[in-house]
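Work through the exercises below with the sequence and the model open. Try each task before you read its solution.

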Amino acid sequence: MKAELRSNSTKISLPNPNLFQNLRGSSSLSGTFRGTLGSLDGPCIEKLLLHCACALESSDVTLAQQVMWVLNNIASSNGDPNQRLTSWFLRAFISRASRLCPTAMSFQSNTTSLTSSPLMSVTEFAGYVDLTPWHRFGFCASNGAIYKAIEGHSNVHILDLSITHCMQWPTLIDALAKRPEGAPFLRITVPSTRPPVPPLLNVSIEEVGLRLANFARSRDVPFEFHVLKCSDSNAPNAFENFSSFYQELIVLNQLSPSSIVLGEDETLIVNCQSWLRYLPEESQEANSFKPSSKDGFLQLIRGLNPHIITVTDEYCDLDSPSLAARTMACFNYLWIPFDALETFLPKDSPQRMDYEADIGQKIENIIGFEGAQRIERPESGARLARRMKKANFSSVSFSEKTVKEVKFILDEHASGWGMKKEEDMLVLTWKGHSSVFTTAWVPNGFNE
């Protein structure tokens, strides 16, 4: 097996392969490592990743190097899903170890830079979204909830907080154009900044707004697009700009009807697609919330008294302060897209490699960074539900029509995709494992 892996794999060079010789002694880890080299199943790889995470967490660089040597004999960027996923964890571990001990880890590798994500055209991004139902699931469910909530309303204002470059809205605009009572006046407001994560577009948010306006005009839907300026600079486009992103979020701390130009007769909708997981942790002071934190942000949104708020995000808990815990949770969650892509794209597909590279950047951020630089902090739908209730929101169930539309979308993809309900929440699943959740909420006391 080792010979086969070496001949078919793209390797990451470690500084001193002879370190593995130290494992041939009486170390209790020796048998574990040697046995793992002959097996590539998930539990064995998971055990190795845990050993490496624990070594790095305790600043044991020598042990970490030894484990990474073993991982290097397993990882393959063009192997099976487990090998491909492991290769990205190895890159993340090398990145973290290099910062922990630059002298000991000063070696050349083929680690992918986090700033290398290519800019996509709108057409390329549309194809990217269609690869899996990961985004379309949330788009469809949220649009269904919004459409139902604004029945009978003639002026609608959507505050769109997402990383998906407004790709959600053409479908809603098209549906509103066919509304029996006629299309409402629709205004969409987006912040000028977004979390510095892929995919990135090669056009500005203003250009996206112009294209949406042209599409709305073609459907006879009255439309305006407003960009909420968060700073005088352009939104950050790389992971190295974490601090810039948080600084620009300061403007969102002052969200108010006047800052988003909310008209007195407008019905406000707040849409959060893969947004809350990028907000930093709460203040540690009792009864004190930073407005840019998750709880503080929800309090600000509650103060806007929206007609409905939709939230879609990844169904996993990856915000633990423990590197070992994050590593295990990350491995047990992110195998899903690697396994799903295996079912319909060849190993050398450029689309597949680009998609996996974006996931690899997520892994490197979760594993390789701490503090403000660790921007990826998703939490499960159950935890989000508790936050929403704490912020005085009540959940809203999705209509049967919306559920049917979501199921129709899933039928267009591989048979492993499915959907389940958790109370009022819809959850996208892969082979029965939760991957994405979507929910809808209204302020407590909402009577309509």
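Two strands pair if DSSP finds at least two bridges between them. Helices (H or I, at least four residues) and strands (E, at least two) are DSSP runs, numbered from the N terminus. This is a predicted model: local features need pLDDT of at least 70, side-chain atom pairs count only at pLDDT 80 or more, and totals for chains, interfaces and linings use all residues. Residues are numbered from 1 along each chain as its sequence is written, and side-chain values use heavy atoms, with hydrogens and water left out.

**Exercise 1. Place strand β11 among its partners.**

Solution.
Step 1: start with the hairpin of β10 and β11. Two residues lie between its strands, and K431 takes a positive phi near 55°.
Step 2: count the bridges. Strand β10 (residues 425-430) and β11 pair in the antiparallel sense over five bridges. T429 has S434 as its bridge partner in β11.
Step 3: add β7 (residues 308-314). Six bridges join this strand to β11, and the two run antiparallel. Strand β8 (residues 393-396) is also antiparallel to β11, with four bridges.
Step 4: find the residue that serves both. W441 of β11 is the bridge partner of I309. W441 is also the bridge partner of S395.
Step 5: check burial (under 20% relative accessible area; exposed is over 50%, partly exposed in between; 1.4 Å probe, protein chains only). Ten of the eleven residues of β11 (residues 433-443) are buried, so the strand is largely enclosed by the rest of the structure.

**Exercise 2. Describe the surroundings of G381.**

Solution.
Step 1: G381 lies in helix α14 (residues 381-390).
Step 2: its relative accessibility is 0%, so G381 counts as buried.
Step 3: list the contacts (heavy atoms within 4.5 Å). Leaving out residues up to four places away in sequence, G381 touches Y315, M425 and F437.
Step 4: compare sequence and space. G381 and E314 are 67 residues apart in sequence, yet 8.0 Å apart in space, C-alpha to C-alpha.
Step 5: widen the view. Of the protein's contacts between residues at least 6 apart in sequence, 77% join residues at least 24 apart.

**Exercise 3. Test helix α4 for length and cover.**

Solution.
Step 1: the expected span of a helix is 1.5 Å times one less than its number of residues.
Step 2: α4 (residues 61-72) has twelve residues and reaches 16 Å from first C-alpha to last, close to the 16 Å expected.
Step 3: α4 is mostly covered, with ten of its twelve residues buried. Among them are W69, V70 and L71.
Step 4: set this beside the protein, where buried residues make up 56% of the 448 residues.

**Exercise 4. Look for disulfides (cysteine sulfur pairs within 2.5 Å).**

Solution.
Step 1: the whole structure has zero disulfides.
Step 2: take C52. The nearest cysteine sulfur, that of C54, is 9.5 Å away.
Step 3: check exposure. C52 is buried at 0% relative accessible area, and C166 is buried at 5%.

**Exercise 5. Which element gives the largest share of the lining of the largest pocket?**

Solution.
Step 1: define the object. On a 1 Å grid over the protein atoms alone, a pocket is an open set of points where a 1.4 Å probe fits, with protein on both sides within 12 Å along at least five of seven lines; lining residues have an atom within 4 Å of a point.
Step 2: the largest pocket is lined by 31 residues, and those nearest its centre include N143 and Q168.
Step 3: the answer is α7, with seven residues.
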